Amino acid sequence: QVHLVESGGGLVQAGGSLKLSCAASGRILSAYVMGWFRQAPGKEREFVGAIRWRGSTEALADPVKDRFIISRDNAKNEVYLEMYNLKPEDTAVYYCAADVSIRSEISRTPGGYTYWGQGTQVTVSS
C-alpha cells in the first residue's frame, strides 16, 4: 500500500506560478515511478509528468514541458510539480499517482498507476 496526499493547489492569476507537493507514505519502495495527472471538468484524466524515485529519468507532457518542472526529495518522500506561466487551460484537479510496476519506459496513462491521491484543485483565472 502506498498512501499519497497532494497539496499546494489554489487560485492563481494567468501568468502566475504554483508548486504542488505529493507526500508519499506506506510501502514507498514499491513505487518505482511517481506521476502527475490532471483532470478538468468533463475531460479525461491526462498525463502531466512523472519521475522515478531512483535515477534521473523524468517525463513531461508536451503542453507543459516548457513551463512545468517535476522533482523529488527522497529524504522527505515527496514529489513536486512546479508550474510557471500558468494558463486558464491548466485549470484542473491535479493528482499524484504511484506506479508499482517495473517498466523500461515511464507510463503516460492512468491505467499504469496503482495508487492515487485525492487530488488538489488548481484554478487559473484569466
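**Note on a predicted model: strand pairing, S21 and the nonpolar core**

1. In this predicted model, a useful place to begin is H3, which stands opposite S25 of strand β3. The two strands β1 and β3 run antiparallel and are joined by six bridges.

2. That pairing belongs to a wider arrangement, an open sheet of four strands whose order is β1-β3-β8-β7, with antiparallel pairing. The edges of the sheet are formed by β1, residues 2–7, and by β7, residues 68–73, each of which pairs on one side only. From one strand to the next, the twist averages 15 degrees. As general background, the strands of a sheet pair through backbone hydrogen bonds, and they may do so in a parallel or an antiparallel manner.

3. Strand β3 covers residues 18–26, and S21 is found in it. Is S21 buried or exposed? Its relative accessibility is 17%, and because buried means under 20%, S21 counts as buried. When residues up to four places away in sequence are set aside, S21 touches V5, E6 and S7, and also W36, V79 and Y80.

4. W36, one of the residues that S21 touches, appears again in the largest nonpolar core, which has 38 residues. The residues with the most contacts inside this core are L4, W36, F68, L81, M83 and Y94. Strand β9, residues 92–99, gives the most to the core, contributing five residues. In soluble globular proteins, nonpolar side chains tend to be buried together.

Technical notes: Residues are numbered from 1 along each chain as its sequence is written. This is a predicted model: local features need pLDDT of at least 70, side-chain atom pairs count only at pLDDT 80 or more; totals for chains, interfaces and linings use all residues. Side-chain values use heavy atoms; hydrogens and water are left out. Buried means under 20% relative accessible area, exposed over 50%, partly exposed in between (1.4 Å probe, protein chains only). Contact means heavy atoms within 4.5 Å. Two strands pair if DSSP finds at least two bridges between them. Axes are lines fitted to C-alpha atoms, for helices over the stretch in contact, and angles run from 0 to 180 degrees between N-to-C directions. A nonpolar core is a set of buried Ala, Val, Leu, Ile, Met, Phe, Trp, Tyr and Cys residues joined through side-chain atoms within 4.5 Å.
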